[in-house]
Amino acid sequence: MANNWAIAIGVNQYQFFQPLGCAQADAEALKDFLVVEAGFLQQQCLLMTDTSPPLGDRSTYPTKENILLLLEDLAAACWQPQDRLWFFFSGYGINHNGQDYLMPIEANPAQIEETGIELRALMQNLQLARLDTLILLDINRAYASQANTLIGQEAIELAQELQIPTIISCQPEQFSHESTELGHGFFTASVLEALRSGNGNTLEDLERYLSLRTPELCQHYWRPTQNPVTIIPSRQQGILPASQTNHRVKYTTALSSKEILAAAAAALPTPSLHSNSHQSAANATTWNGVGEVGEMEEEIANYSSLSPPATTNYSQVKQTATASTSIWKPLLWWGVSTMMVIGLLAVVVLRNQAGFKTVEISPVATKTANDDSDTEILPVLPDGARNNKIVKILPTVPPPLQSNQIKPPTVPKSELAKRKQALSDLAKMSLQPNQASDLSLAIAKAKKIKPSTQGYEQAQTNIQVWSGMILDLAKNRAKQRKYATAVAAAELINQDQPNYPRAQAAIKKWRQQAKQFVANTTLLDAANGLIQPGQASSYNRAIEVAKKVSLGEPGSDQARKSINKWSEIILQLAKRRASRGETKAAIITASLVPEGTSAYNKAQQAIEKWQNKKPQK
């Protein structure tokens, strides 16, 4: 029976390169997925990072020597033909004299051949082992001395030559990017999303998902686009164990610690590869990852219809998760409360020192001349009017409506009063009305007010108002094509809030629009890539590609602007040739202006004019 193996390498703290922020987290997350969700055995998923624990007496520090020795020992003592292997590397890569190299932690750009790992030799050795190998390379190209070398081209050719399924994080001329806010490289984050959502059962599925999701993450985090490259020898080749195609969870916890250690000893007969017994036992319980126990519990709950083996025992897992939660909750609340008290004291001190100032602001919605009730809406204050100033709201009478103006809808006074009170209560908590996270925090605080206490009714009213404000913020973000932040805001609206159905419907729509926007943006990028300055036919081809963006879809406005701009450029090229007396060439060029573009009618008029022009003797 074929075994499943994985080697996950992630290097952050390079000795001669700018440190990376997420490579280690990338390797750890992939390894944890394969163990917890894909059913790989813990002792057959090997992690090599800056801080990974040793394997018995063997160091897993990601140096060139350690990496190559590990591969040699596994090939000699453990791997069998047809075993499955995932080889993952996240770190720097360099192309030197036409050859691609992976950079281990001590790699020196001045001594690439001596300190780098030659990718050709690595892939050839994996092929000789006759493994069912999948190679994932999240390789970063250094921005300094090696910025102009195109890492990845040889890797693509090698994968095609050796028929090894390979996925590279970006095109050779692009850069791979990472985000500390996301906690991963964009490529690895997309891979993990695909695998966890069931979109990575085959290489073809994974390729389709990565081609859309990776550029989408780049756009969301304001990075240049990167497009992964996938080499697929067999279009329907599976990449996960057959039993995981339909079920993401495999009950590996049925084995006891002793049984796991016995399996490890059998799988790794070489003494240098034996794991320390205490470390292995600990890993068998915690899966060597913070929070993975809780994730396993969640997965088991999601698949409650499955019948786990009779020997499975989850009590220890549950106790571990509960103990962790019970410790952190009080600490978290204590920390938040302390910070709020310190913040309030700081506000009082600043007010006493700065004195009292008055700012006159006209509200957005004001009273009428015959209305004595206080029904105006509090406006958003300028930055300088917060914290240490008293704000005086001066009502103003709105100017009379002109005949061509539409009267704004009348808002009931009671609703205005509720909104004003909700905003006032929000300000008392030093929270902002334009931050969805602040509004969510305010809702959480209001929910703690018990029905029998004073202020409960106002708290319930505030919850409704704040929930509506969150949805309004999300809608505004979606209008600005900020779909990811719009969805994130709408997801703060919980099931027990009245706007939950509307929020869920909006989330579904925005996710579809985001997918379409990424696809259309990719089309426009491809169209731009076709353009050769001064070559009219290239603009014509670009227009045909951009036309694939349908009217009304996200990104269609930009597509229409580009199409009209390119059509005008074609016409200008035609006129330039006509001015040089190249009438025939000018007519041919102008005929490349497509119908339906802003320059089409002008181009047809110019063609008619040039055709009627008498040829020069």
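Two residues are in contact here when their heavy atoms lie within 4.5 Å. Keep that cut-off in mind for M103. The model is predicted.

Start with the nonpolar interior. In soluble globular proteins, nonpolar side chains tend to be buried together. In this model, the largest nonpolar core holds 48 residues. W79, F87, L102 and M103 have the most contacts inside that core.

Take M103 as the way in. Set aside its neighbours within four places in sequence. M103 then touches Y14, F17, F89, Y92, G93, I94, I112 and G116. Apart from this core lies another, made of 31 residues. Its members include I463, Y483, I507 and F517.

Now look at the rings. Y14, F17 and Y92 form one aromatic cluster. Y14, F17 and Y92 are also among the contacts of M103. Across the model, the count of aromatic pairs comes to five.

Next come the charged side chains. Side chains of opposite charge can pair when their charged atoms come close. The whole structure contains 14 salt bridges.

Consider E37 and R196. Their closest N and O atoms are 3.7 Å apart, and the two form a salt bridge. This pair links distant parts of the chain, with the two positions 159 residues apart in numbering. E37 sits in the loop between α1 (23-36) and β2 (45-49). R196 belongs to helix α6 (residues 186-196). How do the two ends differ in burial, buried or partly exposed? E37 is buried, because its relative accessible area of 7% falls under the 20% limit. R196 is partly exposed, at 31%.

A second bridge stays within one helix. K428 and D425 meet through their side chains at 3.9 Å, N to O. Both lie in helix α12 (residues 413-428). They are three residues apart, so about one helical turn separates them. K428 counts as exposed, at 60% relative accessibility. D425 counts as buried, at 15%.

R580 and E582 give a further bridge. Their closest N and O atoms are 3.5 Å apart. E582 counts as partly exposed, with 33% relative accessibility. Elsewhere, salt bridges with shared partners join R120, E154 and E161 into one network.

To retrace the route, begin at M103 in the core of 48 residues. Move to the aromatic cluster of Y14, F17 and Y92. Then follow the salt bridge from E37 to R196, and finish at the K428 and D425 pair in helix α12.

Key
Residues numbered from 1 in each chain as written. Predicted model: local features only at pLDDT ≥ 70, side-chain atom pairs only at ≥ 80, totals over all residues. Heavy atoms only, no water. Core = buried A, V, L, I, M, F, W, Y, C linked by side-chain atoms within 4.5 Å. Buried < 20%, exposed > 50% of the residue type's maximum accessible area, 1.4 Å probe, protein only. Phe/Tyr/Trp six-rings, centres within 6.5 Å; stacked < 30°, edge-to-face > 60°. Salt bridge = Lys/Arg side-chain N within 4 Å of Asp/Glu carboxyl O. Helix = DSSP H or I, 4+ residues; strand = E, 2+ residues; numbered from the N terminus.
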